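Welcome to this guided tour. Keep your viewer open, and select each part as we reach it.

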Amino acid sequence: MKKLLLMITFLAGTVVFAQAQTQRAHKTPEQRAQFATQALTKKLSLSADQSAKVSAIMANRAAQMDSLRANKSADRKANMQARKAIAVKTNADVKALLTADQLKAYAGLRHNFKGRMHGKRGGRHLAPEQKAQRMSKVLQKKLTLSEDQYAKVNAILLKRATQMDSLKANRSATDRKANKENRKAIMSQTDGELKAVLNADQLKSYTDMKNKFKERMKNRRGPKAPTAG
């Protein structure tokens with residue numbers, strides 16, 4: 001269900017994500033730094049001198065992130081650690097410029113941001129009924145489901161969400177392979193039941209969506225590291 005939830009969430013946000021990526025791809029490090037600096041200047045009431053220094057810090061961060069993306073390693077852990085190091089350094093440099101009151105406001109901004117990011121990933125904390133309804137609505141929109149199809153899809157996804165919650169609550173602490181196989185079995189059954197509800201055109205669209213999701217996940221993971229031998 002986790003992969004299905006990810007896939008449907010991806011489908012729902014494909015257009016928005018593509019637009020955001022296009023906009024960001026056309027912004028230079030200086031433009032991204034300017035955007036971030038303007039936001040902090042407004043939120044923290046930065047002085048002209050503080051704003052100029054923050055702009056330099058943000059420009060350096062944006063340039064480092066661009067370089068990291070252009071030269072990223074096949075080692076995902078190393079990439080993550082490098083991004084984290086840049087973020088930590090940027091945060092420390094910004095904090096060093098702020099007054100006590102600004103530091104308090106800055107901490108609040110970061111806390112709110114983390115809360116929003118947690119909310120975007122919060123699907124795992126929803127009740128099975130909420131998960132099923134959210135996913136069903138996405139599929140209804142993307143595949144133009146009839147009311148009867150929507151009801152059947154919702155029932156399928158509700159059953160699977162309940163099964164996944166039960167699996168998580170009772171998963172083995174040692175046998176990761178068994179956990180993975182159980183999740184895979186639930187996903188396979190869910191996929192088969194969903195396909196049985198769809199007509200030929202909807203099935204084609206559903207298959208295309210899955211393929212796009214798989215390609216997106218493949219690109220996100222990056223190239224596999226070469227094996228020895």
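What span should the 23 residues of helix H3 have at 1.5 Å a residue, and how far apart are its end C-alpha atoms? Select residues 48–70 to find out. The expected span is 33 Å, because each residue counts for 1.5 Å, and the end C-alpha atoms are indeed 33 Å apart, so the two agree. Keep in mind as you look that this is a predicted model.

**The whole chain**

Zoom out and colour by secondary structure. The protein has 9 helices and 0 strands, and its pattern along the sequence reads α-α-α-α-α-α-α-α-α. Among its 229 residues, 28% count as buried.

**Back to H3**

Now show the side chains of H3. Which residues are buried here? They are Gln50, Ser51, Val54, Ile57, Met58, Ala62, Met65 and Leu68. As you read down that list, remember that an α-helix has 3.6 residues a turn, so residues three or four places apart point the same way.

**A stop in H4**

Next, select alanine 87, which lies in helix H4, residues 76–95. Is alanine 87 buried or exposed, or something in between? Its relative accessibility is 36%; buried means under 20% and exposed over 50%, so alanine 87 counts as partly exposed. Add arginine 61 to your selection: 26 residues separate this pair along the chain, while their C-alpha atoms are 7.7 Å apart.

**Along H7**

Move on to H7, residues 147–169. Its 23 residues should span 33 Å at 1.5 Å a residue, and the distance between its end C-alpha atoms, 33 Å, agrees. The buried residues of this helix are Gln149, Tyr150, Val153, Ile156, Leu157, Arg160, Ala161, Met164 and Leu167.

Two of the names in that list deserve a click of their own. Start with arginine 160 in H7. With a relative accessibility of 0%, arginine 160 counts as buried. Which side chain does arginine 160 join through a polar contact? Select glutamine 189: the contact between the two side chains is 3.2 Å.

Then click alanine 161, also placed in H7. Alanine 161 has a relative accessible area of 1%, so this residue is buried too. Show alanine 132 as well: the two alanines are 29 residues apart in sequence, and 6.7 Å apart from C-alpha to C-alpha.

**The nonpolar cores**

In soluble globular proteins, nonpolar side chains tend to be buried together. To see such a group here, select Leu139, Leu143, Leu145, Val153, Leu157 and Leu194, the residues with the most contacts inside the largest nonpolar core, which has 13 residues. Helices H6 (128–143), H7 (147–169), H8 (176–197) and H9 (200–221) each give two or more residues to this core. H6 supplies the largest share, 4 residues. Apart from this core lies another, of 10 residues, including Ala33, Val54, Ile57 and Tyr106. You have already met Val54 and Ile57 among the buried residues of H3.

**Last stop: a cavity**

How many cavities of 30 Å³ or more does a search of the whole structure find? The search finds 1, and the largest cavity holds about 30 Å³ of space. To look at its lining, select Leu139, Leu143, Leu145, Val153, Leu194, Leu198 and Tyr206. What kinds of residue make up this lining? The lining has 7 nonpolar residues, no polar ones and no charged ones. Leu139, Leu143, Leu145, Val153 and Leu194 also appeared among the residues with the most contacts in the largest nonpolar core.

Notes: Residues numbered from 1 in each chain as written. Predicted model: local features only at pLDDT ≥ 70, side-chain atom pairs only at ≥ 80, totals over all residues. Heavy atoms only, no water. Expected span 1.5 Å × (residues − 1). Buried < 20%, exposed > 50% of the residue type's maximum accessible area, 1.4 Å probe, protein only. Core = buried A, V, L, I, M, F, W, Y, C linked by side-chain atoms within 4.5 Å. 1 Å grid on protein atoms, 1.4 Å probe; cavity = no way out; pocket = protein on both sides within 12 Å on 5 of 7 lines; lining within 4 Å. Points joined across faces, edges and corners; volume = space filled by probe spheres on them. Nonpolar A, V, L, I, M, F, W, Y, C, P; charged D, E, K, R; others polar. Polar contact = N/O pair within 3.5 Å; in protein donor to acceptor, adjacent residues only side chain to side chain.
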